[in-house]
Amino acid sequence: MTASADSTSPDLALAGAIFDVQRCAFHDGPGLRTTVFLKGCPLRCAWCHNPESWSRIPPEAAPAFRERRATVGELMAIVRKDRHYYDASGGGLTLSGGEPARQPRFAAGLLRAARAEGIRTALDTCGCAPPSAFALLAPHVNLFLWDYKATDTAGAPSLHRELTGRDPGPLLDNFRRLYAGGADILLRCPLIPTINDTPAHLEAIAGFARDYPRLAGIEIIPYHAGGLSKYDRLGLPRPALKTRQPDERTKARWLEFFQARNLPGITLA
Amino acid sequence: MVNEHNIAAALRLEPRPAPWEKPLSLELALTDCYKTLRDARPAAREAAFLRIQLPAMMTPMRDGDVFAGRVRYPLVGLSPELMGVGYYCLEKPIREILANPAAALDDTARARIGDMLAFWKNETTHAKIRAAYPDDVRRVLPEDDWPRHPGAAFPLYRMAGITLDNEKLLRLGLPGLAARLREKPGQSAGQPAPLVENTLAVLELLADLSRRYAAEARALGQAETAAALDAIALREPRTLREAIQLFWLVTLAAGVCNYGRMDVWLGPFLARDLDSGALTRDAALSLLRALWRHIADSHDNMFNNRICVGGLGRPDEACADQFALLAIEATRTVALNQPQLSLRFHRRQNPALMQAALASIGEGRTFPILYNDDVNIPAVAAAFNISRDEALSYFPYGCGEYILDHASTGTPNGLINLLKILEDTLNQPAPDGATPDERFPTFETLWNAYAAQVETTVAALARQEKITYEGAGAAAPFLLISALFDDCAARGQPVFSGGARRLGGTLESYGNTNTADSLTAIRRLVYRERSCTLGEIVRACRDNFASPDSARLRRRLLDAPKFGNDDDEADSLAARVHEQACAAARDAGPRAGFDHYHLVIINNGANTVLGAHTAASPDGRAAGEPMANAINPSPGLDRNGTTAFLNSLLKIRPDIHAGSVQNMKFARSLFSPASLPKTAALLSAWFDAGGTQAMITVVNRGDLEAAMREPEKWGHLIVRVGGFSMRFVELSRDTQLEIIGRTLNE
């Protein structure tokens with residue numbers, strides 16, 4: 001991406017709402033990363049494993065889950081401590097959440113500050129934010145980690161809406177616009193056995209591989225139940241999701257689906 | 001570390017081979033020998049003593065042994081470290097044998113054994129060393145039995161961590177070594193000096209032993225082993241098998257249990273055998289695997305048995321690398337907690353070595369232990385005040401103490417518990433009845449009182465260590481060690497009496513992290529926030545945080561910054577505690593007569609044992625709980641991720657001590673094919689930034705808890721405890737819990 005008007009120095013006093021900073025993250029993009037988790041998410045995915053990211057959580061929630069304000073300057077002081085690990089591994093800063101694009105000015109400020117120091121950036125997003133937000137963010141993002149969660153069937157009620165609370169249309173529009181603008185995007189697809197691993201959804205994922213050859217990759221993220229205990233610590237009821245962690249056979253079946261379509265680049269994360 | 005297996009064998013009344021079948025008959029004969037030669041020259045006395053001890057303690061080959069050489073020390077004998085220092089007499093097991101009705105001992109034998117115990121009471125080298133302590137040393141070190149007594153400092157009686165010049169041994173062989181000694185008859189013209197004459201006698205004894213083992217090997221149908229044993233009695237070794245056999249016999253006879261840079265001295269034999277077709281790579285691997293098993297079985301000692309491969313300063317790097325790769329493969333496939341294979345590495349090293357190492361570590365072996373030459377060589381050069389070239393031969397022995405391979409001594413002869421010193425500082429009754437807050441109106445006044453106490457204690461420990469060396473030197477020249485230790489021959493002096501190129505010592509330090517975290521909490525709450533008084537903290541610790549007020553205060557103490565989170569407030573005090581204690585040792589060494597004397601921040605379980613006798617501390621640790629392991633964060637209190645933990649470690653200076661231990665616990669998933677490149681990058685970035693060494697345990701989440709519940713299913717699970725590895729299921733419950741509590745990096 002070409003940088004926009006970046007001649008001014010980053011605004012270190014810019015503040016936003018976060019709920020966690022994870023250093024040495026292995027799974028939030030290339031290499032070793034520091035991941036800043038921004039508070040607030042417009043989606044309510046049925047399998048959400050970060051319920052602490054929601055704006056409203058009960059006041060009795062564990063202190064580690066409470067929202068806190070942090071400035072770009074404070075966060076950069078943490079982020080830059082691990083730059084030798086980023087350099088050695090091809091890593092950098094990832095913004096996740098929640099939906100980081102819902103705090104576009106703060107997120108863009110933080111990404112820009114990292115880039116100004118030569119630290120590569122990634123944005124983990126579900127795409128649910130106004131187009132203007134992505135326009136603001138895109139110049140400062142090296143790689144989008146784009147979640148694609150569910151596929152609707154024509155004529156049927158929206159499965160995407162049922163599973164996430166939102167229609168998929170505007171999210172996909174954002175995706176197409178960014179792709180057309182030249183953004184590097186890694187598509188990440190959480191697969192939840194019996195919930196969203198429908199033939200239509202797998203076919204749609206295969207369609208992404210064919211229609212968007214410049215994608216940085218497509219990763220299948222098998223469901224894990226690791227987030228369930230967070231609901232307890234938040235004082236929230238666990239989601240009534242009738243699923244289980246996929247066994248090796250299920251995962252193999254997913255991969256075979258793509259291999260049969262000559263799409264070996266679709267891999268398990 | 002006294003060899004428990006030998007004691008157990010003696011207590012089971014397992015008879016020795018003829019003529020020592022009767023219980024304690026060997027011990028009585030050794031005592032008689034010593035008595036007869038009590039006032040003879042130490043070299044003559046040692047040679048005569050070994051003429052009895054060596055053939056008796058070298059026990060017969062067993063069916064299946066590929067290499068000859070097993071050892072079972074007597075309960076009275078001579079040893080540098082394994083049974084105590086110098087001439088030793090293990091009174092407790094001897095009394096247990098006396099009390100055992102099954103022991104076939106007549107009244108005459110009992111009376112003689114009683115006399116023997118009475119004789120050794122003040123005659124063991126240990127007793128003579130303790131008797132030689134001046135009053136001020138005795139005041140600081142009143143007690144020897146450290147596992148059972150509270151205290152801030154204790155002496156340890158041993159000459160640990162000696163390595164032999166195996167390159168010289170294998171180049172010359174027994175006859176060549178004897179010929180070399182005869183060429184340099186020593187000071188007295190014409191006549192061989194007593195040191196030379198008696199060393200020659202011991203070398204002849206070894207040749208006899210080799211022939212004896214050859215006969216045993218033939219009887220067991222081990223023709224190749226027999227041929228190798230016959231050969232090394234006559235000439236220098238020429239094959240890998242002969243070289244290993246000679247190394248092992250001499251090592252056992254010398255009482256040594258750390259083996260130095262094996263790839264340097266076995267690499268050429270391996271290369272020659274592979275080139276000539278005498279061995280295939282698989283056959284060579286089988287030999288190494290047999291040696292690894294033989295070491296673990298016949299010389300079981302998880303705190304020692306160190307073998308080093310890799311690193312700078314090896315004359316033929318390619319040849320040594322070939323051996324190193326085979327050694328790592330042996331470790332990966334034998335899957336035992338010994339030998340403690342260690343890999344030295346540097347930036348320009350053949351990357352295959354590190355790849356093989358990570359594969360072995362990733363399978364849960366805990367070996368090889370990794371040592372970064374790019375940092376450690378300059379650090380050792382600075383700490384020991386030697387040239388870079390000399391520092392190339394640094395060798396981490398035992399639990400991780402640095403010596404110069406067969407050139408410097410570095411036994412830890414003392415323990416210091418820094419947290420106990422802080423406890424004493426805070427609780428010392430003031431003569432004028434002043435409260436802690438009146439005695440220490442500022443943080444610096446508290447720091448100065450603590451630091452002064454550390455200095456006094458370390459100075460006494462350095463003097464005690466020097467006395468220990470003098471006592472060992474007066475007892476015996478340790479002829480075989482002196483024959484294979486740098487400069488002893490040239491100077492005509494035994495190793496502990498002026499022969500060793502560099503006389504060094506070390507001091508094991510414990511409680512460093514808890515002390516630092518305690519001081520951080522005190523500085524923040526008492527002197528910066530002024531949110532509580534020092535008196536309140538002292539009372540809460542005495543109370544072990546039992547009262548509601550104390551428990552509330554404990555939560556705030558626990559909330560204070562902790563080492564291991566890349567937080568400068570905590571890490572800078574950790575660095576200060578470290579630097580002060582290291583400087584105290586470094587400066588005390590030359591005053592006590594050492595070339596170098598340093599702190600080692602290693603761990604052998606003493607963090608748990610000493611912790612049991614240490615009160616609750618201002619970092620929030622409860623009374624009796626283990627202290628943090630070596631230089632590591634307190635278990636579970638490093639919460640900012642692996643990179644933060646690693647960055648904290650980088651703030652601890654490496655160039656002022658003689659070894660520190662960094663234990664890391666990684667999830668097995670980080671060594672999966674998908675994650676391994678990131679894990680390798682993580683370690684490589686850390687080493688490039690100054691990381692010194694890593695001891696890595698790889699486990700699955702839940703493995704350790706499952707192993708506690710069902711130990712019978714988890715015999716294969718090896719973990720790094722501190723400076724040693726052990727089967728998890730064999731650890732004490734306390735230590736198991738301590739390891740479970742450590743942060744799992746995932």
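Helix axes here are lines fitted to C-alpha atoms over the stretch in contact, with angles running from 0 to 180 degrees between N-to-C directions. Keep that handy for the first stop, and remember throughout that you are looking at a predicted model.

**Stop 1: two crossing helices in chain B**

Select residues 534–542 of chain B, which is helix α25, and then residues 548–559 of chain B, helix α26. Their axes come within 9 Å and cross at roughly 110°. Angles of 65 to 115 degrees count as roughly perpendicular, and α25(B) and α26(B) are therefore roughly perpendicular to each other. Now show the side chains where they meet. From α25(B), pick Glu536(B), Ile537(B) and Ala540(B); from α26(B), pick Ser550(B), Leu553(B) and Arg554(B). What classes of residue does this contact of α25(B) with α26(B) have? There are 3 nonpolar, 1 polar and 2 charged residues.

**Stop 2: where chain B touches chain A**

Stay on chain B, but turn to the side that touches chain A. The contact takes 16 residues from chain B and 12 residues from chain A. Select 642–650 and 676–688 of chain B: these are α29 and α30, and each supplies at least two residues of that side. Which helix gives the most? That's α30(B), with 6 residues. Color the chain B side by class and you should get 6 nonpolar, 7 polar and 3 charged residues.

**Stop 3: a run of parallel strands in chain A**

Hop over to chain A and select residues 185–191, strand β7. Is this strand mostly covered or mostly open? Mostly covered: 6 of its 7 residues are buried.

Next, add residues 143–147 of chain A, which is strand β6. β6(A) runs parallel to β7(A), and 4 bridges join the two. To see one pairing, click Leu145(A) and look across to its bridge partner in β7(A), Leu186(A).

Then bring in residues 217–222 of chain A, strand β8, which pairs with β7(A) over 6 bridges, again in the parallel sense. Two pairs are worth labeling here. Arg188(A) has Glu219(A) of β8(A) as its bridge partner, and Pro190(A) stands opposite Ile221(A) in β8(A).

How do you get from one strand to the other? Show helix α7, residues 199–211 of chain A: together with β7(A) and β8(A), it makes a right-handed β-α-β unit.

Last selection: residues 266–268 of chain A, strand β9. β8(A) and β9(A) run parallel, joined by 3 bridges. Finish by labeling Ile220(A), which stands opposite Leu268(A) in β9(A).

How values were computed:
Residues numbered from 1 in each chain as written. Chains lettered and ligands numbered in written order. Predicted model: local features only at pLDDT ≥ 70, side-chain atom pairs only at ≥ 80, totals over all residues. Contact = placed C-beta atoms within 7 Å. Nonpolar A, V, L, I, M, F, W, Y, C, P; charged D, E, K, R; others polar. Parallel < 35°, antiparallel > 145°, perpendicular 65-115°, else oblique. Buried ≥ 20, exposed ≤ 12 C-beta atoms within 10 Å, placed from the backbone. Pairing = 2+ DSSP bridges. Right-handed = clockwise from strand over helix to strand, strands pointing away.
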